[in-house]
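Q: Hey, I've got a fold open on my screen and could use some help finding my way around. Can we go through it together?

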Amino acid sequence: MATKAKQPPSPSELIDRRIKELGDWRGETLAKIRSMIKQADKDVVEEWKWRGVPTWYHDGLVCTGETYKTHVKVTFAKGAALRDPAGLFNASLDGNVRRAIDLFEGDGVSATPFKALFRDAVKLNASGRR
């Protein structure tokens, strides 16, 4: 009788594990960001890159969700090309391509402007512009 080879965990399962492993405000923050991303774009694809970084794709990389000891960093791959009327970007502001949102314990992100920013990033990817 043949045995089934064990399948490696999916990127979504790895992200679930990371959130659970963190077990603190960083996991809660990453879970909230992930939820807003999925609400903003039902076709988003989750990936697990660079030895443990949750990433979200739609027609290319949209953003990453890195966790550090002191903060959670959401980096938009083409953030410098996006309008940010709500002023969500607060890190990597001097780069030519990326922009990030650093979230520290107690920080929150308003869902409506975050989802709009994410949707704009998806539109930018779909347009083929850099």
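**Starting from a loop**

Q: Let's start with Lys 78. Where does Lys 78 lie?
A: Lys 78 sits in the loop between strand 4 and strand 5. Keep in mind that this is a predicted model.

Q: Is Lys 78 buried, exposed or partly exposed?
A: Lys 78 is partly exposed, because its relative accessible area is 24% and the partly exposed range runs from 20% to 50%.

Q: What does the side chain of Lys 78 make a polar contact with?
A: With the side chain of Asn 125, at 3.2 Å. Asn 125 is one of the buried residues of helix 3.

Q: And how far is Lys 78 from Val 109?
A: In sequence they're 31 residues apart, and in space it's 19 Å from C-alpha to C-alpha.

Q: You mentioned helix 3. Which of its residues are buried?
A: Here's the list: Phe 114, Lys 115, Leu 117, Phe 118, Ala 121, Val 122, Leu 124 and Asn 125.

Q: Any general reason for that kind of spacing?
A: An α-helix has 3.6 residues a turn, so residues three or four places apart point the same way.

Q: OK, what covers the buried residues of helix 3?
A: The cover includes helix 2, along with strand 2, strand 3, strand 4 and strand 5.

Q: How does the span of helix 3 work out at 1.5 Å a residue?
A: Helix 3 has 17 residues, so it should span 24 Å, and the C-alpha atoms at its ends are 24 Å apart, which agrees. Just after helix 3 comes Gly 128, with a positive phi of about 85°.

Q: Switching topic: how many aromatic pairs are there?
A: Three. In one of them, the ring centres of Phe 76 and Phe 114 are 6.0 Å apart and the planes are at 65°, so that pair is edge-to-face.

Q: Why does that count as edge-to-face?
A: Because the cut-off for edge-to-face is over 60 degrees, and the planes here are at 65°.

Q: Which parts does that pair tie together?
A: Phe 76 belongs to strand 4 (residues 71-76) and Phe 114 to helix 3 (residues 111-127), so the pair ties together parts 38 residues apart in sequence.

Q: How about Phe 76 and Phe 118, what kind of pair is that?
A: Their ring centres are 6.4 Å apart with the planes at 70°, so this pair is edge-to-face. It links distant parts of the chain, with Phe 76 in strand 4 and Phe 118 in helix 3, 42 residues apart.

Q: Are Phe 76 and Phe 118 buried or exposed?
A: Phe 76 is buried, at a relative accessible area of 1%, and Phe 118 is buried too, at 0%.

Q: Which residues do the ring pairs link into a cluster?
A: Phe 76, Phe 89, Phe 114 and Phe 118.

Q: Now the sheet. What order do the strands come in?
A: Five strands form an open sheet in the order 1-2-3-4-5, with antiparallel pairing. Strand 1 (45-49) and strand 5 (99-104) are the edge strands, each pairing on one side only. On average, neighbouring strands are turned by 20° against each other, ignoring direction.

Q: How many bridges join strand 2 to strand 3?
A: Three bridges join strand 2 (residues 53-57) to strand 3 (residues 61-67). Trp 56, for instance, has Cys 63 in strand 3 as its bridge partner.

Q: Last one: which strands do helix 1 and helix 2 lie across?
A: Helix 1 (residues 11-22) lies across strand 1, strand 2 and strand 3, at about 65° to strand 1. Helix 2 (residues 25-40) lies across strand 1, strand 2, strand 3, strand 4 and strand 5, running at about 25° to strand 4.

Terms used:
Residues are numbered from 1 along each chain as its sequence is written. This is a predicted model: local features need pLDDT of at least 70, side-chain atom pairs count only at pLDDT 80 or more; totals for chains, interfaces and linings use all residues. Side-chain values use heavy atoms; hydrogens and water are left out. Rings of Phe, Tyr and Trp (its six-membered ring) pair if their centres lie within 6.5 Å; planes under 30 degrees apart count as stacked, over 60 as edge-to-face and the rest as tilted. Helices (H or I, at least four residues) and strands (E, at least two) are DSSP runs, numbered from the N terminus. Buried means under 20% relative accessible area, exposed over 50%, partly exposed in between (1.4 Å probe, protein chains only). Two strands pair if DSSP finds at least two bridges between them. Axes are lines fitted to C-alpha atoms, for helices over the stretch in contact, and angles run from 0 to 180 degrees between N-to-C directions. Contact means heavy atoms within 4.5 Å. The expected span of a helix is 1.5 Å times one less than its number of residues. A polar contact is a pair of N or O atoms within 3.5 Å; within protein, one must be able to donate a hydrogen and the other to accept it, and residues adjacent in sequence count only if both atoms are side-chain atoms.
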